[in-house]
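Here is a friendly walk through one protein model, with its charged pairs, its helix packing and a few backbone details. Take a look at the chain first, and then read on.

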Amino acid sequence: MGCAGSRRAPHLREGMTTTAADAAGLVRAAEAVLAANWTGRSTVASRRQYPHQWGWDAAFIAVGWARVDERRAAHELESLLRGQWADGRVPHIVFDPGVAEEAYFPGPRFWRSAAAPAGVATSGLTQPPLYARAALEVALRSRDAEAGRAFLRRVYPRLGALHAYLAGRRNAGGAGLAAIVHPWESGLDDSPAWDEPLAAVELPPGGVAPYERRDREHVDPRERPTDAAYDRFVHLARVYRDGGYADDRDAAFLVEDPLFNAIWLWSTHALVEIAELLGADAAPHHEVAAGLHAALVGRLWDARRGRFLPRDLIAGRLVDRRTVQSLAPLLDPDLPAEIAARVCAELESPHFRGPQGLGVASADLLGPDLDCRRYWRGPVWANLNWLLARGLRQHGLHGPAGVLEATTLELVCRSGMREYFDPLTGAGRGAADFSWTAAAVLDIAANPGGEGCGRRAARRRAGRLAKPI
Ligand code: 2M8
């Protein structure tokens, strides 16, 4: 995909080199990636590396599909929700029965998801709950307003059940935030933020029972987690599985993550909007949002350091690592202006923006943990750039948001629709033809200047879906 072209796209800032011709080419390439990864029912994250449907990937992908094919956008989310358990959890993987067990580890045989709906094999973990936000966006992009409302009517109870599961079953800290029980639930599996809590996990005396990693067959092994980390991932997943996926047992890993909870809060605000559109009672969602906001700031904001940090519930303290998770609370529309300004300054600082300004690094560019190759330990991710740009816009920080969106297009234009990118050179890493990268490109390119994310914008959007039902 070339980056040479003629006219600069109007929404790109000086200094960026993506042109209107590039942007059009990128959009076509992104559509082609989603089309190639579409299985007939949902979209794989990547054909070879992740050949099933993943949880939060499905949310990003649905937002991308909504720009191209609203029916597929709705199918994407409803296909994932097919795997929702009776307790309300939305699993982090819904397996494609047509794909061989050996194609991905840990596959269906590992998870033994007896509690999943009949005929659907899933994992037993969950992932950042971006689904209500994605559902709202899908409905609002719908050219057929009645189809958009019908879709919302179908998914609203399921989204509510997920939020109730998080509030009821994951409130291990007792303050209303959801605790994750495994790094895979964070979506940022290999983040340096998990090093300390993982190091405290005791492995069985004889070591972890043998298993075969499959994640290094299609990508450079230097880009994947170490064996030591993987042993702990597998051990924690086995222990959770063998305990019947019960959330009231003692867990060896229990963390309140700012990114997971900020996404949940953002989705709770989306649930308020959905309830209002459907004429349902939005008050309970308002209440949850207020509680989440208070707990996020009260428990995870470290005023002295000026950063949001994950809270390790086992160790009983905040985890002092600078990672991109710390920036996600920008998604909270009620974040006090001075905190939003500090988080934005951190995002713009050399800790997260490299000399070439390629996007936001996933880990501290100046810290000892930085690994520019290993997936969540430094690389830039298009989905996180997209999320953070949405967060910035929510606080009226349109300048930095626009730059972030433009650099995301530029990065993909230069290095392809890759899973992630070296934060210093921009080189593409991980899987190729990656679905959420394509989805982020489609949404950013379709929305130059960005639609507002605040309450006024919500009211404008509600008008678009016509009168409540
Ligand atoms: C990565 O995680 C999976 C395990 O869930 C893996 O490494 O095998 C993460 O990047 C995660 O956030 C993502 O949802 C998944 C599929 O893209 O891949």
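## Charged pairs, packing and backbone

At 53% relative accessibility, Asp242 counts as exposed, where exposed means over 50% relative accessible area, buried under 20% and partly exposed in between, using a 1.4 Å probe and protein chains only. Before going further, please keep in mind that this is a predicted model, in which local features need pLDDT of at least 70 and side-chain atom pairs count only at pLDDT 80 or more, while totals for chains, interfaces and linings use all residues. Residues are numbered from 1 along each chain as its sequence is written, and side-chain values use heavy atoms, leaving out hydrogens and water.

How confident is the predictor? The pLDDT, its confidence in each residue on a scale from 0 to 100, averages 92 for the protein chain, and 91% of the residues score at least 70. Over residues 1–16 the pLDDT is below 50, and this stretch has 39 contacts in the model beyond near neighbours in sequence; a contact means heavy atoms within 4.5 Å.

Now back to Asp242 and its partner. Arg112 forms a salt bridge with Asp242, with the closest N and O atoms 4.0 Å apart; the term stands for a side-chain nitrogen of Lys or Arg within 4 Å of a carboxyl oxygen of Asp or Glu. This pair links distant parts of the chain, 130 residues apart: Arg112 sits in the loop between helix H4 (108–111) and helix H5 (131–141), and Asp242 belongs to helix H9 (residues 227–242). Helices (H or I, at least four residues) and strands (E, at least two) are DSSP runs, numbered from the N terminus. Arg112 is exposed too, with a relative accessible area of 54%.

In total, the structure holds 42 salt bridges. Three of them are set side by side here.

| Pair | Closest N and O atoms |
|---|---|
| Arg112 and Asp242 | 4.0 Å |
| Glu137 and Arg141 | 3.4 Å |
| Glu185 and Arg170 | 2.7 Å |

Glu185 lies in helix H7 (residues 183–186) and Arg170 in the loop between helix H6 (145–169) and strand E3 (179–180), so their salt bridge ties together parts that are 15 residues apart in sequence. Both Glu185 and Arg170 are buried. Elsewhere, salt bridges with shared partners join Asp190, Asp195, Glu196, Arg317, Arg321, Asp369 and Arg377 into one network.

Glu137 and Arg141 both belong to helix H5, where they are four residues apart, about one turn of the helix. An α-helix has 3.6 residues a turn, so residues three or four places apart point the same way. Both Glu137 and Arg141 are buried.

Helix H5 also packs against H6. Their axes are 10 Å apart and the packing angle is about 175 degrees; axes are lines fitted to C-alpha atoms, for helices over the stretch in contact, and angles run from 0 to 180 degrees between N-to-C directions. H5 and H6 are therefore roughly antiparallel to each other, a label for angles over 145 degrees. On the H5 side the contact is made by Tyr131, Ala132, Ala135, Leu136, Val138 and Ala139, and on the H6 side by residues including Phe151, Leu152, Val155 and His163. The residues of this contact divide into 11 nonpolar, two polar and no charged; Ala, Val, Leu, Ile, Met, Phe, Trp, Tyr, Cys and Pro count as nonpolar, Asp, Glu, Lys and Arg as charged, and the others, Gly among them, as polar.

Which helix is enclosed by the rest of the structure? That description fits helix H2 (residues 55–65), which is largely enclosed because 11 of its 11 residues are buried. Among them are Trp56, Asp57, Phe60 and Trp65.

Val324 gives another buried spot, with a relative accessible area of 2%. Val324 is placed in the loop between strand E8 (317–318) and helix H12 (337–348). Setting aside residues up to four places away in sequence, Val324 touches Leu188, Phe352, Val360, Ala361, Ser362, Leu384 and Leu388.

Finally, the backbone. Most residues other than glycine have a negative phi, and most peptide bonds are trans. The peptide bond from Phe105 to Pro106 is cis, with omega near -5 degrees, and Pro106 is found in the loop between strand E2 (93–94) and H4. Arg112, met above, has a positive phi near 45 degrees. Asp433 has a positive phi of about 50 degrees; Asp433 lies in the loop between strand E10 (428–429) and helix H15 (435–446) and is partly exposed, with a relative accessible area of 46%.

Conventions. Angles under 35 degrees count as roughly parallel, over 145 as roughly antiparallel, 65 to 115 as roughly perpendicular and the rest as oblique. pLDDT is the predictor's confidence in each residue, from 0 to 100.
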